[in-house]
Structure formats: C-alpha cells, structure tokens
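Take a moment with the sequence and the fold before reading on. The paragraphs below go from one side chain to its strand, then to the sheet, the helices and the whole chain.

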Amino acid sequence: MRDRHTDAFFVVQCSRNEAGTARLGMAVSTRAAGNSVVRNRLRRLIRESFRMHRQDLPPVDVLVTARPAAAQAENRVVFESLEGLWARVRAKA
C-alpha cells in the first residue's frame, strides 16, 4: 500500500510497515521553507503533531514533505492541516 495525501501545505506519503507502529520521516527543504529557523520550526510542528496522533495511526511509514505555503502559515494553521492529513491516513487504513 502506498498512499499520497496532499493539501496546500504538505504532501504526506505513507506505506505499510512491519514495525507495528507508525514511523515518521520529514523532508523540509530550503526551497520550500527558506532559512534554517523556518525549516526547524516546521520540523518541530510536524514532529509534535505526529506525536499527538501516533497512537491513532495504523502501522505505516509516513513521509511528510513541506510545501512553500507552509513557511508563511501560522502554527495553528499548520496543526489543522496536519490533523486533516492524519485523518485521511487513518481513513485509508
């Protein structure tokens, strides 16, 4: 299974794993997010959102790729975007 879910801020790709739990990978490029301060802020937000929803996710490997719009978005909007994407991952399970 390889699924892809997108919105204005992120692309989430997931595939089943044998680990028995969800695992996270991130790609936050300079092109998408600019300087290291912004890239690291997005990484922290992605990691925290994943931590909060991990127990609800099926055993999948998740790759979250940031889009340029995420760099200007407020933290609240980023969290809402990720919540919607986690819901889509759960629905596909």
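Which residues does Gln-13 touch, not counting residues up to four places away in sequence? Keep in mind that this is a predicted model. Gln-13 touches Arg-2, Asp-3 and Arg-4, and also Asp-61, Val-62 and Leu-63. The place of Gln-13 explains where to look next: this residue is in strand S2. Gln-13 counts as partly exposed because its relative accessibility is 22%, and buried would require under 20%. Not every residue of the chain is within reach of Gln-13. Gln-55 is 42 residues away in sequence, and its C-alpha lies 18 Å from that of Gln-13.

Now follow the partners of S2. Strand S1 covers residues 2-6, and strand S2 covers residues 10-16. A hairpin of three residues links S1 to S2. The two strands pair in the antiparallel sense, with five bridges. Arg-2 stands opposite Ser-15 in S2. S1 has two faces. Asp-3 and His-5 make up the covered face, while Arg-2, Arg-4 and Thr-6 make up the uncovered one.

S2 also pairs with S4, again in the antiparallel sense, and here there are seven bridges. Ser-15 stands opposite Asp-61 in S4. Ser-15 thus appears in two pairings, opposite Arg-2 and opposite Asp-61.

Next, take S4 itself, residues 60-66. Which residues form its covered face, and which the uncovered one? Val-60, Val-62, Val-64 and Ala-66 are on the covered face. Asp-61, Leu-63 and Thr-65 are on the uncovered face. The general rule is that side chains in a regular strand alternate between the two faces of the sheet. S4 has another partner, strand S3, residues 23-27. S3 and S4 run parallel and are joined by five bridges. Ala-27 stands opposite Thr-65 in S4.

Turn to the helices. Leu-82 is a good place to start; its place is in helix H4, residues 75-92. Is Leu-82 buried or exposed? Leu-82 counts as buried, because its relative accessibility is 0%. Leaving aside neighbours within four places in sequence, Leu-82 is in contact with Phe-10, Leu-45, Ile-46, Ser-49 and Val-64. One of these, Val-64, belongs to the covered face of S4. Met-52 is 30 residues from Leu-82 in sequence, and the two C-alpha atoms are 11 Å apart.

Step back to the whole chain. There are four helices and four strands. Along the sequence they follow the pattern β-β-β-α-α-β-α-α. Contacts reach across that order. Among those between residues at least 6 apart in sequence, 78% join residues at least 24 apart.

What of the overall dimensions? The C-alpha trace spans about 35 × 20 × 20 Å along its principal axes. The radius of gyration is 12 Å, which agrees with a compact globule, because a globule of 93 residues would have a value near 12 Å. Buried residues account for 40% of the 93.

Finish at the surface. The accessible surface comes to about 5200 Å², and carbon and sulfur atoms account for 48% of that area. The chain carries 17 positive and 9 negative side chains. The centres of these two sets lie 6 Å apart.

How values were computed
Residues are numbered from 1 along each chain as its sequence is written. This is a predicted model: local features need pLDDT of at least 70, side-chain atom pairs count only at pLDDT 80 or more; totals for chains, interfaces and linings use all residues. Side-chain values use heavy atoms; hydrogens and water are left out. Buried means under 20% relative accessible area, exposed over 50%, partly exposed in between (1.4 Å probe, protein chains only). Two strands pair if DSSP finds at least two bridges between them. The radius of gyration is taken over C-alpha atoms; the globule rule is 2.2 Å times the number of residues to the power 0.38. Contact means heavy atoms within 4.5 Å. Accessible areas come from the Shrake-Rupley method with a 1.4 Å probe; for residues, only the protein chains shown count as cover. Lys and Arg count as positive and Asp and Glu as negative; His and the chain ends are not counted. The place of a charge is taken as NZ of Lys, CZ of Arg, CG of Asp or CD of Glu.
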